[in-house]
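Got your viewer open? Let's take a walk through this protein, one selection at a time.

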Amino acid sequence: MHPAPPLSVQIAPRGPLTGDVTLPGDKSISHRALMFASLAVGRSTITGLLEGEDVLATAAAMRAMGATIERGDDGTWRVDGVGVGGLLQPAGALDMGNSGTSTRLLMGLVASHAIHATFAGDASLSGRPMGRVIEPLAAMGADITASPGGRLPLMVRGLVPAVPIEYTLPVASAQVKSAVLLAGLNTPGITRVIEPVPTRDHSERMLAGFGARIEVEETAAGRVIAVHGEAELQPQTIAVPGDPSSAAFWLVAASIVPGSHVTIRNACMNPTRTGLIAALRLMDADIAETNARSVGGEPVADLVVRHAPLTAIEVPPDLAPSMIDEYPALFVAAAMAEGVTVARGAHELRVKESDRIATMAAALSAAGVTLTEHYDGLSITGSGGAPMTGGVQIASKLDHRIAMAMAVAGLVATDAIGIDDARPVATSYPAFFTTLDALAPPRD
Ligand code: S3P
C-alpha cells in the first residue's frame with residue numbers, strides 16, 4: 001500500500017526523470033474484471049488489479065450485491081461470483097465515490113436484474129450526466145428515477161426479463177456501450193450496440209474471454225457489437241495489464257524535462273487506448289516500444305521515452321476517443337512545444353471528473369501559459385522548451401488527472417506549482433507521488 005496522496009502539494013523542478021516505472025493496473029480493465037468475475041459461476045482470480053478508490057468502489061458494490069471478493073496477502077484477488085441473473089438486493093445505497101465507470105456499468109447490470117439500487121457519489125460525480133445511460137436502459141425496461149438533470153443520486157429498478165434493444169451510441173462512450181452490453185447479459189435474445197466511432201473495447205474482449213457469446217462486426221454504420229443474453233460466464237484467471245492513462249504522465253514528463261530517460265513497463269497497448277502515443281510522436285517525441293506481448297487478451301509493451309524537443313501539431317480529432325483521458329497531460333506537453341498546438345473535437349472533456357477544458361485552461365494560464373479556450377478543446381502557444389512561470393496554486397476540482405497533469409507541469413515551471421487538493425489521485429494512481437519521487441528525487 002502507498003501513503004495516501006496529500007491534500008495540497010507543491011511541485012518544483014527536480015532535474016531529469018530516470019529509471020523504471022511499474023504501472024498500476026488498468027482502471028477500465030480492473031472494473032470489468034471484478035464485475036465479470038462477480039457474474040461468473042465459481043472462483044476467478046485477478047492479478048495486477050488497480051487498487052485505487054474507483055475500483056474499490058466497484059468491489060464494494062459487487063460485494064453488496066452478493067459476490068465474495070477477497071484480496072490475498074500476495075496481492076491476488078479472489079472472486080466467487082453469483083452467476084448472471086444472480087445479483088442480490090443490496091441492503092443500502094451504492095457509494096460510487098468519484099467513479100463514473102462504476103456508476104454507468106453497474107446501472108447496466110442492475111437494469112436487467114430483479115433488484116433495485118440507489119447510486120450516490122461525491123460532488124464531482126453528482127454533477128455528471130447520466131441521461132446517456134438512463135435512455136437506453138429505460139428502453140430495455142428499467143425504471144430509473146434520477147435527480148434533476150439526470151444526475152446522481154438516482155435509483156434503478158431492474159426488469160426481468162428485460163427487453164433486448166439495438167442501440168446506436170449518440171456519443172462516443174465506452175461506458176454507455178458497456179452499460180447496454182452488461183444489461184444485455186441477463187436479457188433474453190440479442191442486444192446490439194452500434195458505435196459509429198470506435199471506443200475502448202475492453203468489455204467485448206473480456207466478455208468473450210469469460211465465455212459470453214459476443215460478435216463484433218464492422219459495417220458501414222460503424223462497429224456492431226451483439227451480445228447473446230442469458231449468458232453463462234465461466235470463471236477466469238485474469239492478469240490486468242498496466243494503465244496507459246497512468247503511463248501518460250511519465251510519457252509527457254520525460255519528453256519535456258531535459259535529460260530524462262524512463263522505461264515504462266507493462267503498458268496496455270490496445271489500439272483504442274494509444275492515441276496519446278500517436279499524438280506525441282507527431283510532436284516528435286522519442287518513444288520506443290519493446291517487448292510486445294499479450295497479457296489477459298490485451299496487447300502489452302514496454303515503452304522507452306527520452307527527452308526530445310516537441311513541435312506543435314493540430315491534434316487529429318479522430319484520435320480523441322483513443323486518448324480521451326490523456327488530454328490534460330497532452331495540454332502540458334503542448335505548453336512546452338514549439339508553436340501553437342490546436343486540440344479540438346474533444347467536447348466530451350467538458351463532462352469528465354471536471355470540465356477538463358475549463359479546468360486545464362484556468363490552471364495552465366495561471367501558470368503563465370498563453371492559450372485560447374474553444375467549446376471543444378484548447379489552442380496552446382508553446383514555449384519551445386522555456387519554463388512556464390508557475391508560482392501559483394491551481395484548483396484540481398476533484399479531478400485526479402488535473403492534479404497529476406499539473407504536477408508534471410510543476411517539473412518545468414520557474415517557481416513551484418501548488419495543487420490545492422491532490423487526494424483524488426488515489427482514485428486511479430495511489431503510487432503517483434511515490435513514483436515521481438523515485439524517478440526524480442525532490443531537491444531540498
Ligand atoms: C471508460 C470510458 C471513458 C473514459 C473513462 C473510462 C471506461 O469514458 O473517459 O475514464 O472504462 O469505459 P466515456 O465512456 O464517458 O467516454
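Start by colouring the two domains: their C-alpha centres lie 29 Å apart. To pick them, select 9-25 + 241-439 for domain 1 and 27-239 for domain 2; these bounds come from an automatic or database domain assignment. Before going on, know that this is a predicted model, where local features need pLDDT of at least 70 and side-chain atom pairs count only at pLDDT 80 or more, while totals for chains, interfaces and linings use all residues. Residues are numbered from 1 along each chain as its sequence is written, and side-chain values use heavy atoms, leaving out hydrogens and water.

**Stop 1: where the domains meet**

Zoom in on the border. Here 28 residues of domain 1 are in contact (heavy atoms within 4.5 Å) with 26 residues of domain 2. Together the domains bury about 2,200 Å², with 50% of that on carbon and sulfur atoms. Buried area is the accessible area, taken with a 1.4 Å probe, that two parts lose on being put together, summed over both.

Now select Arg 132 and Glu 348. They form a salt bridge, with the closest N and O atoms 2.9 Å apart. The term means a side-chain nitrogen of Lys or Arg within 4 Å of a carboxyl oxygen of Asp or Glu. Between the two domains the count is four salt bridges.

Next, show β17 (298-306) and α12 (400-410): each supplies at least two residues of the side of domain 1 that touches domain 2. Helices (H or I, at least four residues) and strands (E, at least two) are DSSP runs, numbered from the N terminus.

**Stop 2: His 400**

Stay with helix α12 and click on His 400, which sits in it. Is His 400 buried or exposed? It is buried, with a relative accessible area of 0%; buried means under 20%, exposed over 50%, and partly exposed in between (1.4 Å probe, protein chains only).

Show the neighbours too. Leaving aside residues up to four places away in sequence, His 400 touches several, among them Lys 27, Asn 98 and Arg 356.

**Stop 3: helix α9**

Finally, select residues 275-282, helix α9, where Gly 275, Leu 276, Ile 277, Ala 279 and Leu 280 are buried. What do the buried residues of α9 pack against? Look for α8 (244-256), β16 (286-295), β17 and α10 (327-336). Then step just past α9 to Asp 284, which takes a positive phi of about 80°.
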